[in-house]
Amino acid sequence: MSEASIIIYASQLNSLKEAARYAAAREGGMGAAVLCQNGNIHSGTYLQGRTAASTVHAEAAAIISSLLQGDNAFIALALFSMRPSRSAPLAPCGACLQFLSEHAMNPELCIVTSSMASLPAWDQTSLRELFPRPWRGWA
């Protein structure tokens with residue numbers, strides 16, 4: 001199936017959003033969920049470490065959870081923040097965008113984001129729109 005022919009159904013998107021909201025409520029205040037081509041949804045939550053190097057962002061946690069279960073064909077990612085005071089649209093940080101570009105292998109990955117402040121609205125974009133030129137190494 002080509003990337004252009006992938007259809008995300010409203011019910012799948014709603015389930016993905018709910019998984020991200022649930023993950024955010026569990027711990028850390030930030031949750032993510034990834035929808036795989038086979039319909040599986042894997043979630044992850046922000047895990048604060050004592051240093052930046054030991055902190056795991058929710059997007060990375062969701063991707064890692066998916067990969068550990070053998071799912072690696074990603075078609076959508078939802079990101080949700082429990083913090084009510086977000087004035088700008090929520091977006092993955094640069095490190096997470098690079099991580100997504102390396103592991104999602106799909107520049108058209110649909111990314112939906114929201115927060116407590118912006119519900120019920122969700123912003124929708126793509127990995128390509130947020131990160132048009134990922135780093136590909138020194139080759």
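Which residues are buried in α2? In this predicted model, the buried residues of helix α2 are Ala58, Glu59, Ala60, Ala61, Ala62, Ile63 and Ser66. The secondary structure of the chain that holds this helix comes to 4 helices and 5 strands, and read from the N terminus the elements follow the order α-β-β-α-β-α-β-β-α. The points below take the chain as a whole, then its strands, then its helices and loops.

**The chain as a whole**

- A compact globule of 139 residues would have a radius of gyration near 14 Å, and because the chain itself has 14 Å, the two values agree.
- Taken along the principal axes, the box filled by the C-alpha atoms is roughly 40 × 40 × 30 Å.
- Of the 139 residues, 43% count as buried, while the chain exposes about 7800 Å², of which carbon and sulfur atoms supply 55%.
- When contacts between residues at least 6 apart in sequence are considered, 59% of them join residues that are at least 24 apart.
- The chain carries 9 positive and 9 negative side chains, and the centres of these two sets lie 7 Å apart.

**Strand β1 and its partners**

- Strand β1, which covers residues 30-36, has 7 of its 7 residues buried, so it is largely enclosed by the rest of the structure.
- Both faces of β1 are covered, with Met30, Ala32, Val34 and Cys36 buried on one side and Gly31, Ala33 and Leu35 buried on the other.
- β1 pairs with β2 in the antiparallel sense over 5 bridges, and within this pairing Ala32 stands opposite Gly44 of β2.
- These two strands, β1 and β2, form a hairpin with 4 residues between them, and in its turn Gly39 has a positive phi of about 95 degrees.
- β1 also pairs with β3, again in the antiparallel sense, over 7 bridges; here the bridge partner of Met30 is Ser81 in β3.

**Strand β4 and its partners**

- Strand β4 (residues 110-115) has 6 of its 6 residues buried, and it is therefore largely enclosed by the rest of the structure.
- The buried residues of β4 lie on both of its faces, Cys110, Val112 and Ser114 on one side and Ile111, Thr113 and Ser115 on the other.
- With strand β3 (residues 74-81), β4 pairs in the parallel sense over 6 bridges, and Thr113 in β4 is the bridge partner of Leu79.
- With strand β5 (residues 123-126), β4 pairs in the antiparallel sense over 4 bridges, and Val112 stands opposite Gln124 in β5.
- Strand β3 thus has two pairings described here, an antiparallel one with β1 and a parallel one with β4.

**Helices α2 and α3**

- The cover over the buried residues of α2 includes β1, β2 (41-45), β3 and α3.
- Just after α2, Gly70 takes a positive phi of about 85 degrees.
- In helix α3 (residues 94-103), the buried residues are Cys96, Leu97, Gln98, Leu100 and Ser101.
- These buried residues of α3 pack against α2 (58-68), β3, β4 and α4 (127-130), so that β3 appears both in the packing of α3 and in the cover over α2.**Backbone details in the loops**

- Met105, found just after α3, lies in the loop between α3 and β4.
- Although Met105 is not a glycine, this residue has a positive phi of about 55 degrees.
- Met105 counts as exposed because its relative accessibility is 60%, and the cut-off for exposed is over 50%.
- A cis peptide bond, with omega at about 10 degrees, joins Leu119 and Pro120.
- Pro120 of this cis bond is found in the loop between β4 and β5, and these two strands are themselves paired in the antiparallel sense.

Technical notes:
Residues numbered from 1 in each chain as written. Predicted model: local features only at pLDDT ≥ 70, side-chain atom pairs only at ≥ 80, totals over all residues. Heavy atoms only, no water. Rg over C-alpha atoms; globule rule 2.2 N^0.38 Å. Buried < 20%, exposed > 50% of the residue type's maximum accessible area, 1.4 Å probe, protein only. Contact = heavy atoms within 4.5 Å. Areas by Shrake-Rupley, 256 points an atom, 1.4 Å probe, with all protein chains shown as cover. Lys, Arg positive; Asp, Glu negative; His and termini not counted. Charge placed at Lys NZ, Arg CZ, Asp CG, Glu CD. Pairing = 2+ DSSP bridges.
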